[in-house]
Amino acid sequence: MSLRLKTLIIIGATLACLFTILFAASKLIILRSFARLEDKNSRDNIQRALNAWSDGLAMLDTKLVDWSAWDDTYAFIEDENEDYTRSNLVPSTFTNQGVNLLLFINSSGRIVFEKGYDLNTGEEMPAAPDLSEYLGADSPLFKLEVSDESSVTGVVLLPEGPMLLASRLILTSDYAGPARGVLIMGRYLDNKEIKRLADITNLDISFVPVNAGDISPSIRTALSSISETSPVFIKPLNEDLIAGYALINDIHGKPSLVLSVEMPRDIYKEGQAGALYFILSLLAFGLVFGVLTLLLLEKLVLSRLSRFSNEITKIGASGDISARVPVTGEDELANVAGEVNRMLATLGKAQDDLRKGEELYRTIFETTGAATIIIEEDTTISLINTEFEKQSGYSKEEVENKMKWTRLVCEDDLAQMIEYHYKRRVDPISSPTSYEFRYFGKNGDIRNCIVTNALIPGTRKSVASLLDITDRKQAEERLRYLSQHDQLTGLYNRTYFEQEMRRLEGIGPVPVGFIVCDVDDLKPVNDTMGHDKGDEMLVAAAGVIKEGAGEGDVVARIGGDEFAILLPNSNRAGMERACGRIKKAVLKYNAENPELPLSLSIGFAVNNERSLDVLLKEADNNMYRDKLNHSQGINGIVSPVLKGIKSRSCIKDSRSERVQDLVANLAFSTGLPEHNISRLKLLAQFHDIGEMGVPDSILFKPAPFNAEEAAVMQKHCEIGHRIAKTANDLIPIADWILKHHEWWNGQGYPLGLKKEEIPLECRILSIVDAYTAMTGESPYRKAMTPAEAAAELKRYAGSQFDPGLVQKFVEFIEQEDNKTYYKVSS
C-alpha cells in the first residue's frame, strides 16, 4: 500500500470517526432532548384528557345538585306523587341535562322511581337493569353525608357500555336533612361523549374497558406497566404516532377503563430534522477540510517521498548496492537520502562478510554428526540438518519455516520446554543448556533425547543438538520393571516389597498391616496337570488378591506360591475387610471357573509397635494356621476336576451310575468283599480323572489318533494316579487308576502287565467300561445293542479282557429279566 493511499485512508478515517462521533453525540444529546420533550408533552396531554374526564364527572355532579337538593324531590321520595314525575321527568329533562338515567332510591333502599332515556334516538329505554349489582348496601354510591359538598362520582362497566354516575343524598333545598334517600344520575360513555372530550382537548381520545376481549398488545403492555408510582405509560407506536395510556378506576376504586391518547410525533420529527441538518453541515465542512489537507500534503511531502521510494525500489530490484539515491533539498527527506547512501555502502561490505560466514556455518551444521535444528523466537523450526531428518522421519520441506517444535514435544514435557525457551531469551543462564525430553517422530513413535541448547549470538534464535537415547531408555525401563515385578503375574516382586517395608520403617511409626496368601494344592496341580495349569492358578490368584487390595496397597509375589499385601495406614477392621474381599473374589472366580477351582490360605497381622519383619512373620504364621483347615479331599480339588471331565467327555450321570451298578454286580459274582466293592464303585467314578490333563484337540478328536496323539492320551492313567495320590479319599484306588487300561495279553498301558498281574478290580472295570461305552449313545457313532456289545466282548476275551470274567458278565447281561445279584446301595 502506497504512502499516498495510506494518507488518504488516514484522513478519510479521521473524518469518518469525527463524523461518527458527532453523529452519535447528536443522537445522544439532541434527539434524546427532543425525546424527553416529546415524553413530557405526551404526559401533559394525558393529564389534559384526565382533567377533561374529571370535568365531565363534575358537570354531571353539578346537574345532580339541582335535583337532589330540592324540596319537590324531597317530598316526592316520601309521597311518590305522580304530578312530580309528569311535570319533571319528561324526555326534555333528559335531553336538556344530557343524561341517560335517573334513579330515585329511598332511605330503605327501595327504588321509588327509575327511568332510562336514549339520547341518540329520543326514546325511553330500560333503566340499566345490570346496575343493581352496584346498588348494594355497601355500595360507595350510598356512602354520603348530609352536606352540599357530599357526592360520589365515577364510572361503572355495564353490558351496554361504560356509564358515568353521580350520586347525592336527597335533601331539602336548604341542604337540610334528614336525608330521605339517594338520587343517582347516569350518562353512557358513548361515541358522542368521547367526541365531546376529544373536541375539548383537541386530542385523539379513546377508552377501552379492561375486561374487553380484543385488547391490543400495546394496551396490554400499558396495563402491565402502569402502577401507583408510574400512573401514565408512554409508548411510541411508529415513526409518526406516539400513544399515552392511563387507568381510570370504577366507583369501587378498581381499574375499569384504559384512557388512550394518540398524538402525532411532531416534536420528535423536528429533532430528527435538526440533527440531520447539523450532520450534513459537518460532513460538508469535513470534506472541504480533507481535500485541502490532502492537496497540501501531496505538494509538500508525498510527491518527494514517492520519488525517493522509486529510487530505493530500483536499487532493490537491480541488487546493485553500489548505486546511490539522489539527494535534493536540506530537510529531513534529504537527510534520510544521505543516510541511505551511507547504509548502502556499509551493507555492501557486510554482505561479503556474511556470505563467507554463512558458507562456513552451513558446512559445520550439516557435518556435525548430531541431529541439529535452528529454532526461532516464536518456536518455529527454521533449519534442520540431514541427521535430524533421519532421526525424526521428517524432511526439510515438511519442517523448515512450517512447523513449530512445540508440535513435536510430548505433552508431559511441553510446559517445561516452553518455560526454558522463553527464559533463555531473557537471561541465557536462567535455564539449563542440556536436559532430557521426548518428542514424536513422523510415524508417531516417541523418541527420547538429550538436547543441548544455546542462543546464536546477536540473534533471538537458538541452536539445539539432539542426542537420541531412546534405545537406552527402553532398556533402562525394562530392567527397572523386571527388577521390581514378578514376570509371571505382573505383581511386584519380593525385592520391591522389602524396599517398601524399609521405606515405611524410615518414615517412622505408622499403622501398617500385612496379609499373606498361599495358593493351596499348587504342587499337585503342577505334578498332575502340568506347570502350565499351575501357572494359570498363580495368575488367577494374583488377580483375585489384587482385586481384594485397596488403592495405595502394595501387592507382591514373595515366593513360589506365596503372595503378600502391604497395607499402610490400616487397622484390624480394615485388614478383616480386605481379607473378606479376597475370599469373596475367590468365590466369584470359582463360580466362573469350576473346572480348576482356586483355594487360598490367608493370614494377616497389624502393627503393634513391632518391626515390620516380625509383623510379616506373624502374618505368615497365621496363614499356615489357616492352611491346616484347608486340606483337600474328594470335595476339594478332585470333585470339580471330575465335573470338568464329565462336561468335556459328554458323560451323563446316568451312565456313571450304570457303570457303578454293573461293576458292583460283577464284583459280587466273583466273591469280592464288601469294602472292595465300595472302592470299585469309587474307581468307576474316578478312573478317567487323568483326562483333565489331555488337550481338548486330542480328547474330542472324532478320527483315530496318530502315534503321537495316542502317546499323549495314554498319559491320562499316570496323571490320574498322581491326582488320586493327592486326595485322601482316592489314595486307596490310586493304583487301580494307574492300571485300569492294562490288557490280559500284556499289550495295554502304561506298565504292560498281563493276566493276574492286573488287579481284579481293574479287569472288572475294563469289561464294564467297554460294554457301557458300546451300548451308550455317542456324538461320533450309534449305540450297539446288548447282544452286539456282548459279541464284541467275547471277540476280545483272552486278548484285551479276562476271558473268565467276560463269560460271567455275558451270562449276567443275558438273563431274561436282567436281574442283579448285588443291590447297589445309594
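## Exercises on a predicted model

In S14, Ile450 is the bridge partner of Glu436. Keep in mind that the model you're looking at is predicted. Let's work through it piece by piece.

**Exercise 1. Work out how S13 and S14 are joined, and what sits in the turn between them.**

Step 1. Start with the pairing: S13 and S14 run antiparallel and are joined by seven bridges. The pair Glu436 and Ile450 that you just met belongs here.

Step 2. Now look at the connection. The two strands make a hairpin, with five residues between them. In that turn, Gly444 has a positive phi of about 90°.

Step 3. Check the loop for a salt bridge. Lys442, in the loop between S13 (434-440) and S14 (446-455), links to Glu398 in helix H10 (residues 396-399), 44 residues apart. The closest N and O atoms of Lys442 and Glu398 are 2.8 Å apart. For a salt bridge the cut-off is 4 Å, so this pair qualifies. A search of the whole structure turns up 38 salt bridges.

**Exercise 2. Follow the chain from S14 into S15 and describe the pairing of these strands.**

Step 1. Count the bridges: seven of them join S14 to strand S15 (residues 462-468), and the two run antiparallel.

Step 2. Pick out a pair. Leu455 has Ser462 in S15 as its bridge partner.

Step 3. Inspect the turn. Six residues lie between the strands of this hairpin, and Gly458 takes a positive phi near 80°.

**Exercise 3. Put S13, S14 and S15 into their sheet: what is the strand order, and which strands are at the edges?**

Step 1. Write down the order. The sheet is open, has five strands and reads S12-S11-S15-S14-S13, with antiparallel pairing.

Step 2. Find the edges. Strand S12 (381-384) and S13 each pair on one side only, which makes them the edge strands. From one strand to the next, the twist averages 35°.

Step 3. Look at the other neighbour of S15. Strand S11 (residues 371-375) pairs with S15 over five bridges, in the antiparallel sense. Here Ile375 stands opposite Ser462 in S15.

Step 4. Add the helices. Helix H11 (residues 411-426) packs on the sheet and touches S11, S13, S14 and S15; its direction makes about 130° with that of S13. Helix H12 (residues 470-484) lies across S13, S14 and S15, and runs at about 125° to S14.

**Exercise 4. Do the same for the six-stranded sheet: why is one side of S3 and of S4 left without a neighbour?**

Step 1. Get the order: S3-S2-S1-S6-S5-S4, an open sheet with antiparallel pairing.

Step 2. Go to the ends. Strand S3 (123-125) and strand S4 (152-158) are at the edges with a single partner strand each, so one side of each has no neighbour in the sheet. The twist averages 25° from one strand to the next.

Step 3. Zoom in on one pairing. Strand S1 (residues 101-106) and strand S6 (residues 181-188) run antiparallel and are joined by six bridges. Phe104 stands opposite Leu183 in S6.

Step 4. Spot the helix. H2 (residues 71-79) lies across S1 and strand S2 (111-118), at about 60° to S1.

**Exercise 5. Two helix pairs, H26 with H27 and H13 with H17: are they roughly antiparallel or oblique?**

Step 1. Take helix H26 (residues 786-796) and helix H27 (residues 803-813). They pack at about 170°, with axes 10 Å apart. Angles over 145 degrees count as roughly antiparallel, and therefore that's what H26 and H27 are.

Step 2. See who touches whom. H26 brings Pro786, Ala790, Leu793 and Lys794, while H27 brings Val806, Phe809, Val810 and Ile813. That gives seven nonpolar, no polar and one charged residues.

Step 3. Now take helix H13 (residues 494-507) and helix H17 (residues 612-627): their angle is about 130°, with axes 10 Å apart. These two are therefore oblique.

Step 4. List this contact too. Phe497, Met501, Arg502, Leu504 and Glu505 of H13 meet Leu612, Asp613 and Leu616 of H17. The classes are five nonpolar, no polar and three charged.

**Exercise 6. Decide where to read the model with care: which element has the lowest mean pLDDT?**

Step 1. Begin with the whole chain: its pLDDT averages 84, and 94% of the residues score at least 70.

Step 2. Compare elements. Helix H18 (residues 634-649) has the lowest mean, 50, and strand S17 (residues 554-557) the highest, 94.

Step 3. Check residues 816-826, where the pLDDT is below 50; this stretch has 20 contacts in the model beyond near neighbours in sequence. Where pLDDT is low, don't read the predicted coordinates in detail.

Conventions
Residues numbered from 1 in each chain as written. Predicted model: local features only at pLDDT ≥ 70, side-chain atom pairs only at ≥ 80, totals over all residues. Heavy atoms only, no water. Axes fitted to C-alpha atoms, helices over the stretch in contact; angles between N-to-C directions. Helix = DSSP H or I, 4+ residues; strand = E, 2+ residues; numbered from the N terminus. Parallel < 35°, antiparallel > 145°, perpendicular 65-115°, else oblique. Contact = heavy atoms within 4.5 Å. Nonpolar A, V, L, I, M, F, W, Y, C, P; charged D, E, K, R; others polar. Pairing = 2+ DSSP bridges. pLDDT = per-residue confidence, 0-100. Salt bridge = Lys/Arg side-chain N within 4 Å of Asp/Glu carboxyl O.
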